[in-house]
Amino acid sequence: MKLSKNKWLKYKFMEESSSLASHLPRTQQFSYPSLQELINKYGQVVVKPIGGSRGRGVYQVRNLGGEHGYEVHIENKKLDFSSLDDAYSYLKNHISSSHNYMVQRLISRATVHGRPFDMRIIVQRRHHHTTWKVTGKVAKIAGKGYIVSNIGRSHGKLMLVRSALKESSLRHKSKTKLTNRIERVVLRTAKRMELLFPGHRIYGLDIGFDQDGYVWIIEANLFPSSSHFKMLKDKKMYRRISSYKHDH
Ligand SMILES: Nc1ncnc2c1ncn2[C@@H]1O[C@H](COP(=O)(O)OP(=O)(O)O)[C@@H](O)[C@H]1O
Ligand SMILES: [Mg+2]
């Protein structure tokens, strides 16, 4: 697998940066011991393919507490298991054997009308320029019953970040403070990734807020599609992203 598509190696590289580490949900390669460790620690995790895309094969595993066992949530389906061993066997049998998976702390994301959302933030620099800029940001609200916010897979909804925040569970917090936090974390992320991918000029970052408004980096894409921005009525961000992409 290409390094640019390898979520595990990109995660490990970001985690070595002390200013990013606290914004990364703890992640390990998938195995029974790692699943057990993270679920005992955080109560809920995601299991997802290291080379995945578009929200494919993203499982949520939750400890329901006490005698209630464990719940596995995939797409818009939920399944209950009486023990972690049973949940693990189910995952083992359903995840494709040709793909490697990782297990990651699940972030309890802030919600818009009860549905979790995260954001796609585009960070770019112009040819021969060293300063990174946020050129686009959009909120992706998961479709009803889904955990992934990928619009195609979950039948989710796109919103401008400002509008989403206004209607979200974070509406009582300062929008300026929240957006400044995103800005700081994504610019640091781009600078860090630059060491691994010198010459690369665009990142599409999946960023989530938790219920307290703390910023989490879900993943860093090297080849983000502009389709989200093309779908917005206002084409300003779409045009800015294209202008950065095509400048020589
Ligand atoms: N650790 C996590 N906590 C909360 N939600 C997550 C987590 N990991 C993934 N998700 C949800 O699943 C979506 C897809 O996961 P992601 O890591 O972006 O893989 P990809 O988009 O390449 O399939 C994310 O955009 C987010 O909505
Ligand atoms: Mg993603």
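Here is a short walk through the surroundings of ligand 1 in this predicted model.

Let's begin with the overall location. Ligand 1 sits in the largest pocket. Two domains take part in holding residues around ligand 1: domain 1 (26-105) and domain 2 (111-246) both contribute to its shell, so the ligand lies between them.

Which strands help to build that shell? At least two residues apiece come from β2 (44-49), β6 (101-105) and β12 (215-221). In all, 21 residues surround ligand 1, and those that come nearest are Lys7, Lys48, Gly55, Arg109 and Asp118. If you sort the shell by character, you will find nine charged residues, six polar ones and six nonpolar ones.

Now look at some individual contacts. Gly55 uses its backbone: a polar atom there is 2.6 Å from an oxygen atom of ligand 1. Asp206 uses its side chain instead, with an N or O atom 2.9 Å from an oxygen atom of the ligand. For Glu219, a polar side-chain atom likewise lies 2.9 Å from an oxygen atom of ligand 1. And how much of the ligand does the protein cover? On its own, ligand 1 has 540 Å² of accessible area, and the protein covers 98% of that.

How values were computed:
Residues are numbered from 1 along each chain as its sequence is written. Chains are lettered from A and ligands numbered from 1 in the order in which they are written. This is a predicted model: local features need pLDDT of at least 70, side-chain atom pairs count only at pLDDT 80 or more; totals for chains, interfaces and linings use all residues. Side-chain values use heavy atoms; hydrogens and water are left out. A residue is near a molecule or strand if one of its heavy atoms lies within 4 Å of it. A polar contact is a pair of N or O atoms within 3.5 Å; within protein, one must be able to donate a hydrogen and the other to accept it, and residues adjacent in sequence count only if both atoms are side-chain atoms. Accessible areas come from the Shrake-Rupley method with a 1.4 Å probe; for residues, only the protein chains shown count as cover. On a 1 Å grid over the protein atoms alone, a cavity is a set of points where a 1.4 Å probe fits but cannot get out, and a pocket is an open set with protein on both sides within 12 Å along at least five of seven lines; lining residues have an atom within 4 Å of a point. A molecule sits in a cavity or pocket if more than half of its atoms lie within 2 Å of its grid points. Helices (H or I, at least four residues) and strands (E, at least two) are DSSP runs, numbered from the N terminus. Ala, Val, Leu, Ile, Met, Phe, Trp, Tyr, Cys and Pro count as nonpolar, Asp, Glu, Lys and Arg as charged, and the others, Gly among them, as polar. Domain bounds come from an automatic or database domain assignment.
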